[in-house]
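Work through the exercises below with the sequence and the model open side by side. Each task is followed by a solution that goes step by step.

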Amino acid sequence: QVQLVESGGGLVQPGGSLRLSCAASGRIFSIYDMGWYRQAAGKQRELVAAITSGGSTNYADSVKGRFTISRDNAKNTVYLQMNSLKPEDTAVYYCTADIRTPARSNYWGQGTQVTVSS
């Protein structure tokens, strides 16, 4: 059984920063792409950032220059550093990972709330 556990969400003022973490645990053979999605109230879930096992990254235009995704392969963990946060960044943030156990499948975390408000 593979689990993805997120942490680091919370309430922050506009212009502030938060760092999200997501750790994968269980019988893991390999982890390929990892990423973060978010879903604001009344909106569809959208990709925020993704990172390959080799470290190549991809960002949504709305977060480029403000958010940074990184990973620690030894810890099976992906991070999302969020700076210069805006009210429109308010959403539930979900991590996802493509994992071989040995069957290959996509897994999701339970989500963590990020609220940007004064």
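**Exercise 1. Locate Pro 102 and describe the peptide bond before it and the strands on either side.**

Step 1. Pro 102 sits in the loop between β9 and β10, where strands are DSSP runs (E, at least two residues; helices are H or I, at least four), numbered from the N terminus. This is a predicted model, in which local features need pLDDT of at least 70 and side-chain atom pairs count only at pLDDT 80 or more, while totals for chains, interfaces and linings use all residues. Residues are numbered from 1 along each chain as its sequence is written, and side-chain values use heavy atoms, with hydrogens and water left out.

Step 2. The bond between Thr 101 and Pro 102 is a cis peptide bond, with omega at about 25°.

Step 3. The connection from β9 to β10 is a hairpin through three residues. The two strands run antiparallel and are joined by five bridges, pairing being assigned if DSSP finds at least two bridges between two strands. Strand β10 covers residues 104–108, and within β10 the bridge partner of Thr 96 is Trp 108.

**Exercise 2. Find the other pairings of β9, and decide whether β9 is largely enclosed or not.**

Step 1. Start with β4, which runs antiparallel to β9 and is joined to it by eight bridges; here Ser 30 has Arg 100 in β9 as its bridge partner.

Step 2. Go on to β11, which pairs with β9 in the antiparallel sense over three bridges, and in which Val 114 stands opposite Ala 91.

Step 3. Now consider burial, where buried means under 20% relative accessible area, exposed means over 50%, and partly exposed lies in between (1.4 Å probe, protein chains only). Eight of the ten residues of β9 are buried, so this strand is largely enclosed by the rest of the structure.

**Exercise 3. Identify the disulfide and state which strands its two cysteines come from.**

Step 1. Apply the distance rule, by which a disulfide is a pair of cysteine sulfur atoms within 2.5 Å; the count comes to one.

Step 2. The pair is Cys 22 and Cys 95, whose sulfur atoms are 1.9 Å apart. It links distant parts of the chain, since Cys 22 belongs to strand β3 and Cys 95 to strand β9, 73 residues apart.

Step 3. Check the surroundings of each cysteine: Cys 22 is buried at a relative accessible area of 1%, and Cys 95 is buried at 0%.

**Exercise 4. Describe the largest nonpolar core and the elements that build it.**

Step 1. A nonpolar core is a set of buried Ala, Val, Leu, Ile, Met, Phe, Trp, Tyr and Cys residues joined through side-chain atoms within 4.5 Å. The largest one has 30 residues, of which Trp 36, Leu 80, Met 82 and Tyr 93 touch the most other members.

Step 2. Elements giving two or more residues to this core include β3 (18–25), β4 (30–39), β8 (77–82) and β9 (91–100). The greatest contribution is that of β9, with five residues.

**Exercise 5. Find two residues other than glycine with positive phi, and say where they lie.**

Step 1. Asn 76 has phi near 50°; this residue lies in the loop between β7 and β8 and is partly exposed at 24% relative accessibility.

Step 2. Ser 84 likewise has a positive phi, of about 50°; this residue lies in the loop between β8 and β9 and is partly exposed, with a relative accessible area of 42%.

**Exercise 6. Characterise the protein chain as a whole.**

Step 1. The protein chain has eleven strands and zero helices. Its radius of gyration, taken over C-alpha atoms, is 14 Å, close to the 13 Å that the globule rule (2.2 Å times the number of residues to the power 0.38) gives for 118 residues, so the chain is as compact as a globular protein of that length.

Step 2. The C-alpha atoms fill a box of roughly 45 × 25 × 25 Å along the principal axes, and buried residues make up 40% of the 118 residues.
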